[in-house]
Amino acid sequence: SDENVWKHYGDALLKGCKDQGLDTIAFQIKPGEKSKCRKVKAEVEDFLLENRCLRDTCVIALGGGVVGDLAGFVAATYLRGVPVVQIPTSVMAMVDSSVGGKTAINVPAGKNLIGAFHQPKVVYADMKLLQTLNDKQVKEGLAEAIKMGCIRKPKLFDYMEKNAEAIMKQDPEALAEVIFDAISGKADVVSQDEKEKGLRSTLNFGHTIGHAVEALPKKEVLYHGECVAIGMVHEMAILSEMGHLEKKAVDRITACLKAYGLPTDIPQELKVADLIHKMTIDKKNKNGKIRMTCVTAIGASKPDPIPVDEALIRKYLASLKK
């Protein structure tokens, strides 16, 4: 877990494990993306070895996306693989990172470039664990739910478009419906393409530009979901220029993102060349070509990301600087 989450829920988890007769040890990391690195992964592994954890060990990830990704990768490689249970405590982790078995750490070259596919034995999504989140933390997770509506689930998008106020206020019924629908959408994709050979790559809508924005130093702190929201807006604009998506759909999706208070502009201090460089090492790329998820209408997308001419991306990004 991380230090912040552990303060709220750590004792309850330890008590629950003890009540079931389980021997439990706990390791807390510093909150934030900086902990999702080689150094901290090694510290966790050394901790497990020092405590003589063997193959009957199960790793429990109590936290948001950083904790889930790191703990999952540790479980994937420790003693060549031990089980992992995910207990997500953020909207982002519930609707996205805890589902599907993707685990990874970040490296200087980019996000999530070193990792493994390692499916959790169980994912527990408890709405009560979201009560400690602030608005910024809630809305960044909802960006991923909007993304799911855009690529596969038009009814989810419609619901989020019409019920933004109730969802942002964390109305239990409204938020639970969004989270359940987003999880079911991702689970359906993962069941068809676990190792991301094609269809699963479409879940990265907004991530080509979004990951580039996230990876570069900025004046303002932007969470992952906020960067994805920015990425969605500008990838849609490029797709529209290519003739794949009608402008009215671009406008409608952009308006929905803004209704949740999500950012839509690429920070002006980011240079075009730096953004392009980050995009060229995106995991979706093939044969040296930058690829993007091709949304063709709200709730519909092509089953495989499409190549996008680097010159077109460069020209589009340069136009934003004028």
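# Exercises on a predicted model

Leu 270 sits in the loop between H11 and helix H12 (272-279). Helices (H or I, at least four residues) and strands (E, at least two) are DSSP runs, numbered from the N terminus. Before we start: this is a predicted model, where local features need pLDDT of at least 70, side-chain atom pairs count only at pLDDT 80 or more, and totals for chains, interfaces and linings use all residues. Residues are numbered from 1 along each chain as its sequence is written, and side-chain values use heavy atoms, with hydrogens and water left out.

## Exercise 1: two residues in one loop

Task: Work out whether Leu 270 is buried or exposed, and do the same for Asp 265. Then find what each one touches.

Solution:

Step 1. Get the cut-offs straight: buried means under 20% relative accessible area, exposed over 50%, and partly exposed in between (1.4 Å probe, protein chains only).

Step 2. Leu 270 has a relative accessible area of 3%, so it is buried.

Step 3. Now look at Asp 265, which also has its place in the loop between H11 and H12. Its relative accessibility is 58%, so Asp 265 counts as exposed.

Step 4. Check contacts, meaning heavy atoms within 4.5 Å. Leaving aside neighbours within four places in sequence, Leu 270 is in contact with Val 213, Leu 216, Pro 217, Lys 218, Leu 275 and Lys 321. With residues up to four places away not counted, Asp 265 touches Ile 230 and His 234.

Step 5. Try some C-alpha to C-alpha distances. Leu 270 and Glu 144 are 126 residues apart in sequence and 23 Å apart in space. For Asp 265 and Ile 29, the figures are 236 residues and 32 Å.

## Exercise 2: the two sides of H6

Task: Find which residues of helix H6 (residues 154-162) are buried, and which exposed residues lie on the face turned away from them.

Solution:

Step 1. The buried residues of H6 are Leu 156, Phe 157 and Met 160.

Step 2. Why do they belong on the same side of H6? They cover an arc of only 100° around the axis, which puts them there. The arc is that of the directions from the helix axis to the C-beta atoms.

Step 3. Turn to the face pointing away from the buried side, and you'll find the exposed residues Lys 155 and Lys 162.

Step 4. See what the buried residues pack against: helix H5 (135-151), helix H7 (164-168), helix H8 (172-192) and helix H11 (247-259).

## Exercise 3: the nonpolar cores

Task: Say which residues touch the most other members of the largest nonpolar core.

Solution:

Step 1. A nonpolar core is a set of buried Ala, Val, Leu, Ile, Met, Phe, Trp, Tyr and Cys residues joined through side-chain atoms within 4.5 Å.

Step 2. The largest core has 67 residues, and Leu 142 and Tyr 260 touch the most other members. Helix H10 (residues 224-241) gives the largest share of this core, 10 residues.

Step 3. There's also a second, separate core of 20 residues, which includes Cys 37, Leu 70, Phe 73 and Ala 76.

Step 4. Back to Leu 142: not counting residues up to four places away in sequence, it touches Val 91, Met 160, Ile 167, Met 168, Leu 175, Val 178 and Tyr 260. You've met Met 160 already, as one of the buried residues of H6.

## Exercise 4: two positive phi values

Task: Find where Arg 80 and Asn 112 are, and what their phi angles are near.

Solution:

Step 1. Start with the usual picture: most residues other than glycine have a negative phi.

Step 2. Arg 80 is in the loop between H3 and strand E2 (84-88). Its phi is near 65°, a positive value in a residue other than glycine. Arg 80 is exposed, with a relative accessible area of 78%.

Step 3. Asn 112 is in strand E4. Its phi is near 55°, again positive in a residue other than glycine. At 18% relative accessibility, Asn 112 counts as buried.
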